[in-house]
Every structure is written in structure tokens, then in C-alpha cells.
Amino acid sequence: MNQLHTPKASRNQEAVRLSLMAPVSDRSPGRTRRGGLSRQWLHRIGRSAPPPSRSGGTFTCVSVKKTALTVLSAALLVPAMLAAPAHAAPTPPADGKGQPPKAPKAPAAPPASMSTVGGALLGQPGTQVNLLPGAPALPSNLTGRSWIVADAESGEVLASHNAHWRLPPASTMKMLFADTVLPGLPKDQVHKVTEQDMEGVGPGSSLVGVKEDHEYSVHDLWLGVFLRSGNDAVHVLSAMNGGIEKTVKDMQAHAEELQALDTHVVSPDGYDAPEQVSSAYDLTLIARSGLQKQDFREYCGTVEAKFPGLQEPGKPRDHFEIQNTNRLMTGAGGISPYKGIAGVKNGNTTMAGSTFTGAAQQGERKLLVTVMNPGAGGANSVYEETAALFDWGFSAAGKVKPVGELVPPKSADTSSHGSPAQSHENNPSAGGAGSGGIGTALGVAGGALIVLAGGAFVVNRRWPHGRRGRGEDLV
């Protein structure tokens with residue numbers, strides 16, 4: 001394993017500051033990456049070393065943020081974003097040779113049969129689509145091992161490819177973490193970070209720059225999770241939730257409530273770990289649940305924000321700028337911002353490759369797309385394939401026969417259609433606590449920013465009568 005170079009004690013403070021801006025691990029510990037601060041590096045130079053500051057803001061705990069509603073045009077000018085972050089989990093037990101066991105590689109081909117939650121076709125390997133006359137053909141450039149296109153409101157699955165293939169999720173697992181933990185922590189609650197809070201943040205992690213013995217609001221920490229995929233922020237929020245072990249159990253229980261039955265949680269941050277898996281179908285279910293919550297929508301739709309930095313006695317607290325790693329939102333890396341994009345979460349690790357779940361709205365149509373592990377390679381492949389599937393989905397809506405559906409949570413009331421979004425947001429057991437209000441989705445027409453009226457990207461679930469679970473058909 002390559003080791004990060006330790007700066008000599010004789011180097012001045014400026015050298016240390018510049019070192020903090022150096023690449024850290026992208027795909028696994030020991031390899032170099034851009035974007036985020038390495039926990040291993042911070043440990044070597046001292047935990048109190050601050051990340052680079054771009055702003056001398058005077059706020060203490062309140063982060064100044066810009067959402068997708070207000071900064072899309074500015075985002076077009078943002079320089080190329082740093083590469084998608086790596087993610088960390090508690091270090092697993094050693095294998096007897098002093099090294100943590102490696103997560104097993106996913107098989108080269110999907111199983112012959114998979115879960116049939118949402119419909120029998122979704123459990124079959126390969127591409128599933130029912131094109132009606134006049135429907136556009138699927139994009140020809142798709143290399144993802146698994147993907148899905150679904151209507152966010154009706155839950156209809158328009159097309160899929162190995163939808164239930166259980167694969168490493170990378171940081172898209174943070175969607176489940178947020179959907180589980182976010183409702184229980186008041187956003188204005190302030191927490192002083194301890195050394196114990198940061199235990200288990202693995203080497204090579206993507207960090208937002210949380211420092212021990214400093215105070216952060218829950219709001220600050222969620223910005224760190226959603227924008228910079230900060231595993232340090234995940235661990236602090238997990239500690240506030242009762243610890244990593246409890247948080248993992250809470251997440252697993254919530255996944256089962258959502259009928260995301262392909263998902264097995266090992267760590268809350270999505271780092272590669274033995275048996276930690278999810279699927280394109282499950283990640284889409286989870287994103288749909290999260291988008292019911294106003295705070296979730298706002299965090300995943302935030303392009304950039306100010307994050308608290310070093311606090312020196314007698315001086316205003318330093319702040320530095322963080323930007324979202326979702327390239328379809330920021331336009332980084334040569335990717336054009338996707339019109340109508342509203343989130344949700346990207347990820348990248350050695351075992352998972354690149355993963356992404358996105359939500360977008362054009363006109364009245366709201367779509368969810370998940371792509372897992374494109375084979376084309378390159379940092380932009382997952383975004384390019386997601387954008388292509390969005391384009392297809394918006395063009396194909398009404399011209400395809402659904403191949404399945406996104407099922408409702410187990411506890412959802414499906415006895416009547418009523419106002420599904422309202423009933424869900426008022427039902428904490430369905431994961432809707434803290435929901436409501438107007439979301440942050442946006443539409444773009446002719447290059448002009450348009451704020452959608454009313455409940456923009458409030459995902460109104462239209463539950464079918466009755467509940468379908470594992471083994472039930474929808475063809």
C-alpha cells in the first residue's frame with residue numbers, strides 16, 4: 001500500500017496548508033484522489049489542522065448555503081470539480097496477517113434469478129423494457145452493470161437492467177443513512193466533536209474537515225454528508241444517534257420497512273465491506289423515500305455552502321467553501337448541468353466503481369434514475385449514462401408499458417389513493433417524519449432558470465391498492 005508522505009516538523013504552516021490540498025485516496029486506501037481531506041493525512045499532521053479556507057466568514061454555526069434553485073447559472077462557471085469521493089467504514093477485523101479482509105468482488109454476471117419485489121420482470125437478468133409504437137430506443141452507450149428508470153410519482157418502472165443485482169453501493173448508501181437518521185436530529189442542535197466520535201473513520205476516507213474539540217450544528221454536518229460525502233460527518237451524526245452499531249441496525253430496519261430487501265448494511269457511510277450491498281432498485285426506493293422530506297430535498301439540492309473551520313480563541317470562526325460532488329448539478333469535469341436536476345447522491349469506491357442515483361423534473365414529469373458501476377470507465381461515465389437515461393425517460397413517458405413498480409413501504413396505507421404525499425409525511429413509521437414543504441427542484445427552459453410553482457419535486461406517491469412484496473408479480 002502506498003503511504004502518504006508525512007511533512008517534516010520543520011516545514012512551515014503554509015507548507016502544511018498546501019499539503020492538506022494534496023490528493024488523497026479515490027478508490028482505495030493508498031491510492032491518490034482529488035477532493036476531500038484524508039483522515040490518515042490529518043492524523044499525521046495533527047487533528048487540529050484546518051482544511052484550506054476560502055472565506056473568512058464570521059458566522060459560527062449557521063452555514064450559508066446556495067441551493068440548486070439559486071446557483072445553477074453560477075455553477076456553470078465552477079471549475080472542474082474534484083473526483084468523486086471515496087468512503088470509509090469502521091476498520092474490519094484483521095485477517096490474521098495484519099491486514100483487513102478485502103470485500104469480495106461481485107460476480108461478473110448477475111444471478112439467473114433475483115428478487116421479484118416490484119414485479120417478475122425486475123427479477124430477470126438483462127434489460128427489461130416494453131416499447132410501444134413511437135417509443136424511442138434505449139440509449140446505445142449504456143455500460144452500467146445495473147440501472148433503472150422510474151417515474152418518481154407513480155412509481156412505474158419504465159425500464160431496467162439487472163435491477164435487483166446486489167452490488168456494493170459506495171456512498172449512495174448515505175441516502176439510507178440520511179433517510180433513517182435525519183428526522184430524529186434537530187438541525188439546530190449543536191455537538192462538540194470528541195475523539196471517540198471519529199473512531200473507525202477508515203484510511204482514504206473522503207472527509208469534509210470535521211475537527212475534534214470543535215462544535216458543529218446538525219445542519220452543518222448534513223451539508224458535509226450531502227455535498228462532500230464526508231465520512232467524518234457521518235460518524236459524528238452516528239454518534240449523536242447512539243453510535244455506529246445502533247445506526248447500522250436502524251438503517252437495516254428502515255431498509256426492510258421500505259421493502260429495500262436487497263440491501264445489507266455494514267457501515268453507515270457506504271465504504272466497501274464484506275456483504276455490504278444494495279441494488280439499483282433499492283437505491284431508487286430509498287431516494288424516493290428521502291425526497292419526501294423537505295430537509296433531505298434541500299440538502300441534496302444544495303450546490304455549495306460554507307462549512308465551519310478552525311475556531312481560534314478570541315477570533316471569529318473561520319469558514320471554507322464546500323461544493324457538491326454531483327457533477328450533473330455543478331457542471332464540473334466537463335459535464336453539462338442536467339436541466340431539472342434535483343439531486344440525489346453519487347459514490348465511488350474500489351469495489352463499487354461509480355454509482356449514482358439522480359432525480360430530475362421536466363414539466364410535470366419527475367424521474368428517478370440509478371446507475372451502478374458503468375464498464376466504460378472514466379469519472380464521467382456514470383453521469384453520462386444517467387443523463388442519457390433521463391433523456392430517454394422523459395421522451396419515452398407514456399410510450400412504454402411499465403416493467404414493474406416501486407413498491408410502497410410495508411406500513412403504507414394503500415386502502416385509498418387520497419393524497420399519498422400528505423399521508424406519508426404524516427406517518428413517521430413510513431419514514432416521513434420531518435417531511436413537508438416545498439422542495440428545491442428546478443426546471444430550465446431555453447437556458448433560463450425557472451422555479452417551479454407549488455410543491456416542486458414533492459414526490460407524491462400514488463400507492464397501488466394492496467402491497468406487493470417479495471415473490472409477487474407485476475408484469
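What separates F390 and F394 in helix α11 (residues 381-396)? About one helical turn, because the two are four residues apart in that helix. Keep that pair in mind; the tour comes back to it.

**Before you click**

This is a predicted model: local features need pLDDT of at least 70, side-chain atom pairs count only at pLDDT 80 or more, and totals for chains, interfaces and linings use all residues. Residues are numbered from 1 along each chain as its sequence is written, and side-chain values use heavy atoms, with hydrogens and water left out.

Colour by pLDDT, the predictor's confidence in each residue, from 0 to 100. The protein averages 74, and 64% of the residues score at least 70. Now select residues 416-455: pLDDT stays under 50 there, though the model has 95 contacts beyond four places in sequence for this stretch (contact means heavy atoms within 4.5 Å). Residues 461-475 are also below 50, with 62 contacts beyond near neighbours in sequence.

**The whole chain**

Switch to cartoon and you have 12 helices and 16 strands. These are DSSP runs, numbered from the N terminus: helices are H or I of at least four residues, strands E of at least two. Of the 475 residues, 59% are buried, where buried means under 20% relative accessible area, exposed over 50%, and partly exposed in between (1.4 Å probe, protein chains only). Among contacts between residues at least 6 apart in sequence, 73% join residues at least 24 apart. Put a surface on: the accessible area comes to about 18200 Å², and 52% of that belongs to carbon and sulfur atoms (Shrake-Rupley method, 1.4 Å probe; for residues, only the protein chains shown count as cover).

**Select 173-181**

This is helix α4, and nine of its nine residues are buried, so the rest of the structure largely encloses it. That goes for K174 and D179 too, both among the buried residues.

Pick M175, which lies in this helix. Its relative accessibility is 1%, so M175 counts as buried. Leaving aside neighbours within four places in sequence, M175 is in contact with L283, I286, A287, F296, V344, K345 and T357. Draw a C-alpha to C-alpha distance from M175 to F226 and you should get 8.6 Å, for residues 51 apart in sequence.

**On to F226 and the core**

The largest nonpolar core has 63 residues, and V210, W222, F226, L237 and Y281 touch the most other members. A nonpolar core here is a set of buried Ala, Val, Leu, Ile, Met, Phe, Trp, Tyr and Cys residues joined through side-chain atoms within 4.5 Å. Helix α5 (residues 218-228) gives the largest share of this core, seven residues. Apart from it lies another core, of 25 residues, including L328, I335, V382 and W392.

Centre on F226. Not counting residues up to four places away in sequence, F226 touches A178, L182, F296, Y299, C300, N324 and K345.

**Show the rings**

Rings of Phe, Tyr and Trp (its six-membered ring) pair if their centres lie within 6.5 Å; planes under 30 degrees apart count as stacked, over 60 as edge-to-face and the rest as tilted. By this rule there are nine aromatic pairs. F226 and F296 are edge-to-face, because their centres are 5.2 Å apart and their planes sit at 85 degrees. This pair links distant parts of the chain, F226 in helix α5 and F296 in helix α9 (residues 294-300), 70 residues apart. F226 counts as buried at 3% relative accessibility, and F296 at 0%. Add F177, W222 and Y299 to the selection: ring pairs link them with F226 and F296 into a cluster.

Back to F390 and F394: this pair is stacked, 6.2 Å centre to centre with 20 degrees between the planes. Both are buried.

One more ring: the charged end of R317 sits over Y216, 4.8 Å from the ring centre. The rule is NZ of Lys or CZ of Arg within 6 Å of the ring centre and within 35 degrees of the ring normal.

**Backbone oddities**

Most residues other than glycine have a negative phi, and most peptide bonds are trans. Three places to check:

- G343 to V344: this peptide bond is cis, with omega near 20 degrees. V344 is in strand β10 (residues 341-349).
- N162: phi is near 50 degrees. N162 is in the loop between β5 (156-161) and α4, and counts as buried at 3%.
- N373: phi is about 55 degrees. N373 lies in strand β12 (residues 365-374) and counts as buried at 17%.
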